[in-house]
Amino acid sequence: MGPDRERDGRRRETVRAVVYAACGAVLLAGCASMPDSGDLRGVESTPRQDAQVRVFALPPHENAPPGQIVQGFLEALTSDDPHYETALKYLTARAAKQWRPDVSTTVLDGGPTAVPVRAGSRDDPDDYASALTGSRFATLDSQQSYEPADGQYRETLHLTRDKKSGQWRIDDLPQGTVMGKSDFLRNYTSVNKYYFASNTPTESDGQPVSVADPVYVRKKVDPMTQTVSSLLEGPSRWLGPVVRSSFPTGTALKKGVTSLTPDDQNRLTVPLNDKANRVGSAKCTEMAAQLLYTLQDLTPTGVDEVALQRANGTQLCLLGKEQAETVAARGVVQHPDFQYFIDGKHRLVRVAGDSLEAAADVTPVPGALGEGEKQLRSAAVSRDEDSAAGVSLDGTMLYVGSLVSGGSLGEPVLTSQGAGKADRLTTPSWDGDGDLWVADRNPKKPRLLLLEKGAGEPLEVKTPGLDGRIEAVRVAADGVRIALIVEKDGLRSLYLGRIERDERSAAASGGSPQEGTAASGQAKASATGQKTGEQSVVSVLELHSVTPQLEEVTAMSWAGDSRLVVVGREQGGVQQMGYVQVDGSTPVGSAPAALTGVKGIAAAEDEGLPLVAYSEEDGIVRLLGSKWQKLVKAGSAPVYPG
C-alpha cells in the first residue's frame with residue numbers, strides 16, 4: 001500500500017454525477033471529491049435529493065488507487081443506474097459475471113465503513129483487501145421484502161491489479177448490495193402488491209378478498225415496471241401460503257417489454273407472455289383488479305384503467321378502477337358507521353363515524369351491551385356492526401350480543417379461570433368472516449382462542465415459536481394476518497403472524513385432532529373443535545417482530561391495508577406514538593401528534609377516519625386534523641369495528 005500513500009495530497013476525480021431533468025433540459029451537477037488513499041470512511045453522506053433529481057455514478061478513472069476503487073464502487077451502489085452498469089466497471093470481468101446485485105440489499109444504520117486490511121496470506125503488492133463494516137438496520141431479500149435486522153455487518157472486498165493494464169479492480173465481493181439508511185430511503189419506496197386470500201371462508205363464498213404484500217422498489221428506476229414485474233413473480237415467501245395470484249404460474253411481461261407507462265387517458269396496457277394466452281374473462285378481470293389495487297398509490301392519481309394483452313398483442317380484458325371492487329373485495333371495504341368505547345358506566349357506547357365535531361353525541365349501543373346489564377371493561381364490534389362482544393369488568397367472562405334494541409345477552413360464551421384481572425381475557429377482535437378471536441392470559445393455561453361466528457365451542461390456536469404471553473389481539477380485515485402484543489420478562493413486543501386454516505372431516509382425520517395436519521415444511525400447531533362433522537384446524541405461523549426498536553408496546557391497532565398504529569417506548573425513552581408497516585419498516589409521513597398517558601388506541605382501516613385514543617389524563621380523545629380533541633372524560637377501551 002506504499003505507492004498509494006504517496007498520493008495522499010491529491011483530490012479524487014468525480015465519482016458521481018447528478019442529473020436534473022426539467023423542461024426537457026438535462027443538466028450535469030458538480031460532484032463531490034474523495035481522497036485517493038488512506039483509511040476510508042462511511043459513505044452515508046449522500047444528501048437527500050429532491051424527487052426530480054437522479055444520481056448517477058461515474059466509472060473509475062485511469063490509475064485510480066484501490067481505496068478509491070472501493071469507495072467509488074460503494075457510491076455506484078447507491079446511484080440510479082438501473083442495471084448497476086457503472087458498478088460493474090469497478091469489477092474484474094470474472095467478478096462482474098458472478099456478482100448478483102439483486103440477491104439482497106443490506107441496509108446499515110450509519111452506512112458502510114471501508115478500512116484497508118491485509119490481503120490474507122498473499123504478500124503480493126498487486127493484492128489489496130478492504131473490510132466493510134457497520135451496524136445492520138434492515139435487509140431486502142431477492143423478492144424485495146423488507147425485514148428489520150440487527151448485529152454487526154462485516155464483509156471483505158478483495159482487489160487485484162491487472163498485470164497488463166495496471167488498473168485496480170475488485171475481484172472478490174459478497175453477493176447483493178449494501179448501503180446506508182439515508183441512501184436506502186432516497187433510493188427505495190414501499191409499494192403494496194395485492195393477492196387474494198386463499199384460506200378463508202369468504203374465498204369459497206365467491207368474491208375474493210385482497211391482501212396487501214409490501215415490497216420495496218427503486219423509486220427512480222421505472223418503479224411501475226418493477227412493481228408489475230414483482231406482482232407477476234408472485235407473493236412473498238411469508239405471505240405465499242395463505243394467498244393466491246390470479247396470474248398463471250410463469251406469467252411475465254412479454255419479452256422485449258422493458259417499460260410500462262399509462263397513456264394520456266391514464267390507461268396502462270400490460271403485454272403478457274404466452275402463459276396468460278388462454279386465461280378466461282373472469283380470471284382476467286381478477287388479474288386486472290390485482291394490478292389496479294397494486295398501482296393505486298404508486299402515482300399521485302393511480303391508474304384509472306388496465307388493459308391486459310396476449311403475447312400476440314390482442315386484448316385479454318379491460319378493467320377500470322371503479323369496477324375493480326365488484327370483481328374482488330379490498331381487505332378494507334367498509335366505512336364504519338360508528339366509533340365505539342366503554343363509558344363511565346361501563347357500557348358500550350358509540351359516536352357517529354362521520355362526526356368530526358369535538359362535542360359529538362355519545363349514545364349507548366342498542367341491545368344489552370349498551371343497557372348496562374353487564375358491566376364491561378372492553379369490547380369489539382363486528383365489521384358489519386350488527387353484533388358486539390364484551391368482556392366483563394373483572395375480565396372473567398366474554399359475552400356476545402346483537403346490536404338491536406331489546407336484544408338479550410344470554411350466557412357467557414367463554415370464561416377465564418385466571419386468578420387476577422390481568423390474568424384473564426384480552427380485548428376480543430372480529431375477523432372479516434365474522435369469527436371472534438380472544439386470548440386468555442391465565443398463567444396456568446394461556447391460550448389464543450377462536451369462536452366461529454362468535455359462538456360455539458372455542459377453538460384453541462397454538463402458535464409455534466411464540467415465546468411469551470399474548471396481551472392483545474387484532475386480526476386484519478383480510479382474515480389472514482394477526483397482530484399480537486406479546487409479553488416476556490416484563491417487556492411487551494408487537495408481533496405479526498400468518499393465519500392458516502384447514503377443514504377436514506372428523507372421519508378422515510382418524511383419531512387425534514392433531515393428526516393428519518399438513519406440515520407446510522415445518523411443524524404446525526393446530527386448533528381443534530367439532531363443527532357439523534368437520535374438524536377445524538387453525539394455525540398462526542411464523543410470528544415476527546415488527547417493532548424491534550421498542551421494548552414496551554402499550555397499545556396497537558390496524559390502520560390500513562399494511563399499516564398499524566403503535567404506542568410504545570424505546571429503552572430508556574418516553575412513550576411515543578407512530579405508524580409501522582407490517583414488514584417492520586416505518587412508512588413515509590409524519591407520526592400522530594403526541595399524547596401523554598395513552599392506554600388504548602383505535603384506528604379505522606379506512607385511513608380517512610380519525611384516530612381515537614384513551615388517555616389516563618384526558619379520557620377518550622380523537623385526532624381531528626392535527627390536534628387531539630377531548631370527547632368524554634369518563635371512558636376507556638376505544639375501538640372501531642373489527
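**Figure 1. Contacts across the chain in the predicted model.** Of the contacts in the protein with a separation of 6 or more, 60% are accounted for by residues 24 or more positions apart. The structure shown is a predicted model. Its secondary structure comes to eleven helices and 40 strands. Of the 642 residues in the protein, 53% are buried. The views that follow take up a helix, a helix pair and several loop residues.

**Figure 2. Helix α7 and its surroundings.** Helix α7 spans residues 223-233. Eight of its eleven residues are buried, so α7 is largely enclosed by the rest of the structure. The buried residues are Met-224, Thr-225, Gln-226, Thr-227, Val-228, Ser-230, Leu-231 and Leu-232. The cover over these buried residues includes three strands, β11 (188-197), β12 (210-218) and β14 (267-271), together with helix α8. After α7 comes Gly-234, which has a positive phi, near 110°.

**Figure 3. The crossing of helices α7 and α8.** Helix α8 is formed by residues 281-295, and its axis comes within 11 Å of that of α7, the two crossing at roughly 135°. An angle of roughly 135° therefore makes α7 oblique to α8. The crossing in which α7 passes α8 is right-handed. On the α7 side, the residues that meet α8 are Met-224, Thr-227, Val-228 and Leu-231; on the α8 side, they are Gln-290, Leu-291, Thr-294 and Leu-295. By character, the residues of this contact divide into five nonpolar and three polar, with no charged residue. An α-helix has 3.6 residues a turn, so residues three or four places apart point the same way. Met-224, Thr-227, Val-228 and Leu-231, which meet α8, are also listed among the buried residues of α7.

**Figure 4. Asp-561 in the loop between β33 and β34.** Strands β33 (552-558) and β34 (563-569) are joined by a loop in which Asp-561 lies. Is Asp-561 buried or exposed? Asp-561 has a relative accessibility of 10% and therefore counts as buried. Its side chain makes a polar contact with the side chain of Tyr-194, at 2.4 Å.

**Figure 5. Two residues other than glycine with positive phi.** Tyr-84 is not a glycine, yet its phi is positive, at about 55°. This residue is placed in the loop between α2 (66-77) and α3 (85-88). With a relative accessible area of 4%, Tyr-84 is buried. The second residue, Gln-144, likewise is not a glycine and has a positive phi, near 70°. Gln-144 is found in the loop between β6 (127-140) and β7 (146-148).

**Figure 6. Ser-104 and its contacts with residues elsewhere in the sequence.** Ser-104 belongs to the loop between α4 (93-98) and β4 (105-108). Its relative accessibility is 22%, and Ser-104 therefore counts as partly exposed. Which residues are in contact with Ser-104, leaving aside its neighbours within four places in sequence? They are Leu-140, Asp-141, Gln-175, Gly-176 and Thr-177. One of these, Asp-141, is 37 residues from Ser-104 along the chain, while the C-alpha atoms of the two residues are separated by 4.6 Å.

How values were computed: Residues are numbered from 1 along each chain as its sequence is written. This is a predicted model: local features need pLDDT of at least 70, side-chain atom pairs count only at pLDDT 80 or more; totals for chains, interfaces and linings use all residues. Side-chain values use heavy atoms; hydrogens and water are left out. Axes are lines fitted to C-alpha atoms, for helices over the stretch in contact, and angles run from 0 to 180 degrees between N-to-C directions. Helices (H or I, at least four residues) and strands (E, at least two) are DSSP runs, numbered from the N terminus. Angles under 35 degrees count as roughly parallel, over 145 as roughly antiparallel, 65 to 115 as roughly perpendicular and the rest as oblique. A crossing is left-handed if the near helix is turned anticlockwise from the far one by less than a right angle, and right-handed if clockwise. Contact means heavy atoms within 4.5 Å. Ala, Val, Leu, Ile, Met, Phe, Trp, Tyr, Cys and Pro count as nonpolar, Asp, Glu, Lys and Arg as charged, and the others, Gly among them, as polar. Buried means under 20% relative accessible area, exposed over 50%, partly exposed in between (1.4 Å probe, protein chains only). A polar contact is a pair of N or O atoms within 3.5 Å; within protein, one must be able to donate a hydrogen and the other to accept it, and residues adjacent in sequence count only if both atoms are side-chain atoms.
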